[in-house]
Amino acid sequence: MAHCIYTVSHYTFFQGEPKWPPSKYHLTYRFEDGTPSEAMNPVAQAFLTWASNTRFTFSQLAQGNSNADINIGFHRREHGDGNPFDGAGGTVAHAFAPQDGRFHYDGDESWSAGAMPGAIDLQTVALHEIGHLLGLDHSEDEGAIMYALLPVGATKGLHADDIQGIKALYNA
């Protein structure tokens, strides 16, 4: 008797399944003025992680260049995108579905590069928010980077559910 193993997918997409067009697998990003320098390498590492697991490639544009596909910045409270931050605790970052390209960290949070007690890892959050920028919504799998809640004081990486989700969205 044959045994079948079923894997259950927990990833979700945004309504209407927005995504980048097939002609747009190279995305550019830039850091907005006021972005802490210690955030730049963790974000760049998160882009590399997604690049190694998808057909996407990413490159950083110079600070003054405003023509990037993705714009990353640190903001506090009301900052003009209709999604004000709530101060320390609560929402720590947000990003929009393709092809909007906005990715905002809450500047009131305690951030770290790596796992530190009481702080939120910049790279872990970047992995999650880049998932949104590529078209993934939240996952029900607690192990997935796209799970709605991210750990404080710890790091987290891509999970099989995240990779299955992005491949399903882009038929890869």
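Which residues lie nearest the centre of the largest pocket? In this predicted model, the positions nearest the pocket centre are Gly90, Thr91, Val92, Ala93 and Ala148, and they belong to a lining of 17 residues. The space in the largest pocket amounts to about 300 Å³. Two elements, strand S4 (93-95) and helix H2, each give two or more residues to this lining. H2 supplies four residues, the largest share of the lining.

Glycine 89 is placed in the loop between strand S3 (70-75) and S4. With a relative accessible area of 35%, glycine 89 is partly exposed. Its C-alpha atom is separated by 6.8 Å from that of glutamate 109, although the two residues are 20 residues apart along the chain.

Helix H2 (122-134) also takes part in the surroundings of helix H3, since what covers the buried residues of H3 includes helix H1 (37-53) as well as H2. Helix H3 spans residues 160-169, and its buried residues are Asp161, Asp162, Gly165, Ile166 and Leu169. These buried residues line one face of the helix, because they fall within an arc of 130° when H3 is seen down its axis. In general, an α-helix has 3.6 residues a turn, so residues three or four places apart point the same way. Asparagine 171, which follows H3, has a positive phi, near 50°.

Leu169 of H3 is also among the residues touched by proline 18; the others are Ala97, Pro98 and Gly135, when residues up to four places away in sequence are not counted. Proline 18 is found in the segment before strand S1 (26-31). Its relative accessibility of 22% makes proline 18 partly exposed. The C-alpha atoms of proline 18 and leucine 133 are separated by 9.8 Å, with their positions 115 residues apart along the chain given as the distance apart in sequence.

Aromatic contacts were examined next. A search of the whole structure finds twelve aromatic pairs. The pair formed by phenylalanine 56 and phenylalanine 58 is stacked, because the ring planes lie at 20° and the ring centres are 6.2 Å apart. Both members of this pair are buried: phenylalanine 56 has a relative accessible area of 1%, and phenylalanine 58 has one of 16%. Phenylalanine 56 also pairs with tyrosine 170; here the centres are 5.1 Å apart and the planes stand at 85°, so the arrangement is edge-to-face. This second pair links distant parts of the chain, 114 residues apart, with phenylalanine 56 in the loop between H1 and strand S2 (57-60) and tyrosine 170 in the segment after H3. Tyrosine 170, like phenylalanine 56, is buried.

The residues of these two pairs belong to one aromatic cluster, formed by Tyr25, Tyr29, Phe31, Phe47, Phe56, Phe58 and Tyr170. A charged group is also placed at the ring of tyrosine 170: the charged end of lysine 19 sits over this ring, 5.8 Å from its centre. A second arrangement of this kind involves arginine 102, whose charged end sits over the ring of phenylalanine 96 at 4.1 Å from the ring centre.

Methods. Residues are numbered from 1 along each chain as its sequence is written. This is a predicted model: local features need pLDDT of at least 70, side-chain atom pairs count only at pLDDT 80 or more; totals for chains, interfaces and linings use all residues. Side-chain values use heavy atoms; hydrogens and water are left out. Buried means under 20% relative accessible area, exposed over 50%, partly exposed in between (1.4 Å probe, protein chains only). The arc is that of the directions from the helix axis to the C-beta atoms. Contact means heavy atoms within 4.5 Å. Rings of Phe, Tyr and Trp (its six-membered ring) pair if their centres lie within 6.5 Å; planes under 30 degrees apart count as stacked, over 60 as edge-to-face and the rest as tilted. A charge sits over a ring if NZ of Lys or CZ of Arg is within 6 Å of the ring centre and within 35 degrees of the ring normal. On a 1 Å grid over the protein atoms alone, a cavity is a set of points where a 1.4 Å probe fits but cannot get out, and a pocket is an open set with protein on both sides within 12 Å along at least five of seven lines; lining residues have an atom within 4 Å of a point. Grid points are joined across faces, edges and corners, and a volume is the space filled by probe spheres set on the points.
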